[in-house]
Amino acid sequence: MKPRHKKLLWVLGSLSLLGVATWLVLNALDKNLNYFYSPTQVANHEAPSNRSFRLGGLVVDGSLKRQTDGLTVEFVVTDTASNIPVRYKGILPDLFKEGKSVVAQGKLGADGHFVADQVLAKHDENYMPPEAAKALEDARKINANAGKAPQP
Amino acid sequence: MLRFLAPFAVFVALIVFFAIGLKRDPREIPSPLINQQAPAFKLQQLQAPSKQFSPSDMLGQVWLFNVWASWCVSCREEHPVFVELSKSKLVPIVGLNYKDKSADALQWLIQFGNPYVLSAMDLDGRVGIDYGVYGVPETYVIDKQGVIRMKHIGPVTPEILQNKILPRVRELSK
Amino acid sequence: MIPEIGHFALILALILALVQGILPLIGAATNQANFMAVARPAAQGQFVFVAIAFACLAYAFLANDFSVKYVATNSNSLLPAQYRFSAVWGGHEGSILLWTLTLSVWTLLVTLFSRHLPQAMAARVLGVMGLISIGFLLFTLMVSNPFERLLPAALEGRDLNPLLQDPGMVIHPPILYIGYVGFSVAFAFALAALMGGRLDAAWARWSRPWTTAAWVFLTLGIALGSGWAYYELGWGGWWFWDPVENASFLPWLVGTALIHSLAVTEKRGTFKSWTVLLAIAAFSLSLLGTFLVRSGVLTSVHAFATDPKRGVFILIFLTIVIGASLLLFAWRAPKVGLGGKFALISRETFLLANNVLLLVATGAVLLGTLYPLFIDALDLGKISVGPPYFDAVFLPLMAPAIFLMGIGPFARWKEQSLPELAKRLKWAFGVALLSALLMPLTLGKWTPLISFGLLLAFWVIATGVYGVWSRLSQTPGTMMSRIAKQSPSWWGMQVAHLGIAIFIIGVTLVKGYETERDVRMALGSAVAVHPYSFTFRGAKPQAGPNYQAWVGTVEVFKNDKLVATLHPEKRNYFSTGMAMTEAAIDTGITRDLYVALGEPLENGAWSVRVYHKPFVDWIWGGCVLMALGGLLAISDRRYRLHQRSANASPTLTVESQA
């Protein structure tokens with residue numbers, strides 16, 4: 001094989017590997033990016049209806065209800081401006097508490113519930129997930145612009 | 001030999017993103033509560049659980065609202081600053097005892113001194129959330145009309161008190 | 001008093017680090033032997049003082065000295081002694097001190113095992129390590145001093161995060177850090193070689209054992225972390241593609257590439273600039289990992305304490321260290337030459353291809369890890385990249401690499417004929433393919449993915465067995481002497497590759513056949529997870545040293561025979577009020593039975609996670625084998641033939657061929 005051909009083969013080989021890798025990355029990113037939406041955005045129908053996303057905020061006090069199977073739970077997530085009911089089947093993480101921040105991942109159901117397939121908890125009491133913090137921050141801005149004090 | 005510089009170029013691009021990422025620290029976001037009415041609440045008082053406290057009780061005077069907890073280590077750093085300040089009677093300090101146990105909190109005040117005219121008990125941290133508490137300690141300056149004029153996150157040092165908080169208090173008290 | 005001694009020791013260590021980082025480098029550049037001679041004593045002294053500082057902090061923890069702020073934040077008088085010790089690295093400040101201690105231990109080892117190096121080389125290596133140490137000591141003293149006082153002292157400490165109160169967490173961080181920081185030696189060797197303009201086979205031979213040692217610890221550290229997550233987080237996962245996990249995995253991937261690239265550089269004098277770049281990249285990714293974890297720019301389950309000031313410091317440090325080394329690379333690497341030539345089909349090509357695949361995979365994982373940061377920095381919103389992204393990208397890139405891994409050891413250096421290779425390996429491929437197709441049938445369910453995973457694993461095993469057999473059969477003598485005649489580094493490679501195969505089997509079978517059921521279990525009720533049946537016998541309260549627990553009893557039957565009685569716990573820690581799930585696991589070679597308590601329901605019923613995980617322990621078994629392979633490779637006598645390695649310069653001969 002002539003050196004020129006050899007070089008060509010190398011270039012072709014690396015380019016095709018790069019191409020395959022890029023395709024893999026873009027394809028996988030497209031499918032697995034989870035955008036984050038706040039309850040207000042969901043209430044305003046800004047969230048996608050057929051795609052999974054993340055919802056963050058606070059669990060409303062006293063909103064946690066357990067169905068008789070003991071595993072299906074419903075609770076309400078709020079950013080102090082809007083409330084979104086969430087349904088989840090499974091065991092809640094240790095740090096899930098009413099009045100605390102939560103991030104849930106899932107899709108919007110037909111009945112307006114957010115159907116979570118994952119409820120995320122962080123491993124520190126005093127740590128608020130940035131998504132949840134942002135939701136509260138945004139809601140506070142909305143409340144402030146509307147010229148009213150935030151409602152608890 | 002430009003290709004040997006390629007790794008460096010990639011690295012520089014990464015660093016730029018990191019720098020921006022670092023700058024987007026939540027603490028740097030100006031609180032939307034500034035120049036807004038202080039969120040209303042009604043909470044039990046720590047030393048007199050039969051009595052309640054509400055921010056409207058303080059209308060007509062400039063006051064400091066300090067979020068503290070007995071479990072919070074940096075609160076102890078700023079505490080002597082407030083104890084000194086309370087002796088000078090320049091401005092009343094109200095405490096928000098955040099996610100604490102009443103017995104621990106009382107013990108703590110006995111040990112380190114009590115600079116507060118009173119402390120409200122925010123057992124579950126709901127009020128803290130309304131005020132956008134990122135971490136304890138935090139301190140708010142609230143004016144005569146009950147509007148938040150300043151917010152400080154983290155322990156208050158003598159410098160911050162002298163250079164930032166007290167000038168603002170004096171200005172608002174006029 | 002003790003904490004002040006610790007603080008003072010750190011300051012002295014910094015002074016010695018300054019000496020170690022500056023004088024030897026000047027000495028090497030200007031050829032002054034007395035300046036270079038400073039390196040060893042300075043490094044050894046620095047180790048002594050960092051060790052004193054560490055001991056002081058450990059003492060403060062063991063003595064419950066709550067007048068030290070860091071102790072008050074991370075310990076508690078009720079905390080058992082072993083966790084009071086591991087609490088030393090339970091928070092940010094102590095972690096950084098552990099990092100610094102690890103670095104000084106590595107430096108100490110370099111001073112002890114570098115007598116055969118030319119003086120300038122040793123001086124440069126120690127000098128570079130001194131510079132890194134300056135950065136970390138400054139960081140400790142300026143923004144994360146663990147000895148800061150809290151006066152008057154706290155009555156009681158806030159306690160260690162309950163998640164970290166676990167035997168796994170006692171050893172996981174030190175082992176992981178030894179691995180992370182160990183790449184600093186390979187990095188220092190690479191920079192020293194660039195400075196001295198001496199990128200040759202001798203350089204590669206010197207760095208090899210150090211790199212492999214770091215890689216061994218990193219492998220074990222990652223495996224321990226994954227095992228910890230598996231039993232401590234209570235939901236039975238063993239890898240989450242969490243940013244912090246990725247932070248340790250990225251240097252591992254590059255380190256693996258580096259080990260192989262170093263082999264080529266040593267044997268053939270090729271890939272020199274590539275190897276240097278990998279050495280820089282491996283350590284840079286270790287530093288990057290520290291930055292990502294410590295600055296809080298990426299949040300993850302691990303982010304317990306973050307502080308922007310620290311982030312700024314590490315970012316500046318990162319910029320200086322990595323930026324300077326990459327500039328040095330751009331300046332010096334073009335002059336080192338290309339080394340020996342090789343044909344399109346040769347062992348070099350296979351190794352290079354594997355290297356490139358590993359690097360592309362690293363890039364893909366890095367991109368997924370940092371993507372949320374990019375999007376946030378560009379103000380395009382908050383997003384997260386789901387774990388399926390990593391699976392979808394990583395597996396297709398690794399599959400060809402694993403395939404090449406089976407071939408590589410059979411290919412000859414310089415040139416290899418492809419038909420001959422195919423002829424030698426066709427039986428291995430046939431055996432692997434057949435067993436991969438048939439084995440899932442015996443396990444109950446056949447899917448293409450399971451078969452494919454097994455094919456990769458069996459391919460590695462079959463080629464390995466064939467390789468060992470053909471090598472041994474060509475060596476004369478008794479079986480024992482045949483085995484002993486092969487070099488330990490060759491055996492090391494075989495064992496490590498077998499480890500990869502075992503790991504793949506574990507991953508494939510647990511993904512393919514695991515059963516995970518979250519169920520409500522009333523007293524005496526049973527749930528069937530084929531072929532086992534789990535019966536819930538209730539939960540009782542029980543007191544621990546610093547927590548109150550609910551201890552459940554679950555009996556596991558197989559064909560009506562009791563095989564295990566499991567006691568999962570739900571703990572509530574006093575000081576923090578945090579609830580913690582302690583899973584109960586019955587470990588076996590072919591399966592784990594995993595039970596974790598969820599929440600108490602009415603009438604003594606609980607929600608319970610009941611998992612059957614076939615072959616899950618093979619995952620960690622594979623990692624242990626990989627580490628063992630690395631250890632075997634380090635034990636090779638070749639690395640200790642100092643005289644020869646220092647004098648002989650095989651590069652010359654290689655380059656004269658070129």
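This is a short talk on chain A, the contact between chains B and C, and the two domains of chain C.

Before we start: the model is predicted. Keep that in mind as we go.

Chain A comes up first. What does it contain? It has 3 helices and 7 strands. Follow the sequence and the order is α-β-α-β-β-β-β-β-β-α. So much for the elements. Now the packing. Chain A has 152 residues, and 39% of them count as buried. Next, take the contacts in chain A between residues at least 6 apart in sequence. Of these, 55% join residues at least 24 apart.

On to chains B and C. How many residues does each chain put into the contact? Chain B puts in 19 residues, and chain C puts in 25 residues. Stay with the chain B side. Two helices there, α1 (6-23) and α2 (73-88), each give two or more residues. Which one gives the most? That is α1(B), with 10 residues. Now sort that side of chain B by class. You get 14 nonpolar residues, 1 polar residue and 4 charged residues.

Last, look at chain C alone. It is divided into domain 1, residues 1-165, and domain 2, residues 515-615. How far apart are the C-alpha centres of these two domains? They lie 42 Å apart. The two domains of chain C do share a contact: domain 1 supplies 8 residues and domain 2 supplies 9 residues. Take the domain 1 side of that contact. By class, there are 5 nonpolar, 1 polar and 2 charged residues.

That's the tour. Thanks for listening.

Methods:
Residues numbered from 1 in each chain as written. Chains lettered and ligands numbered in written order. Predicted model: local features only at pLDDT ≥ 70, side-chain atom pairs only at ≥ 80, totals over all residues. Contact = placed C-beta atoms within 7 Å. Helix = DSSP H or I, 4+ residues; strand = E, 2+ residues; numbered from the N terminus. Nonpolar A, V, L, I, M, F, W, Y, C, P; charged D, E, K, R; others polar. Buried ≥ 20, exposed ≤ 12 C-beta atoms within 10 Å, placed from the backbone. Domains from an automatic or database assignment.
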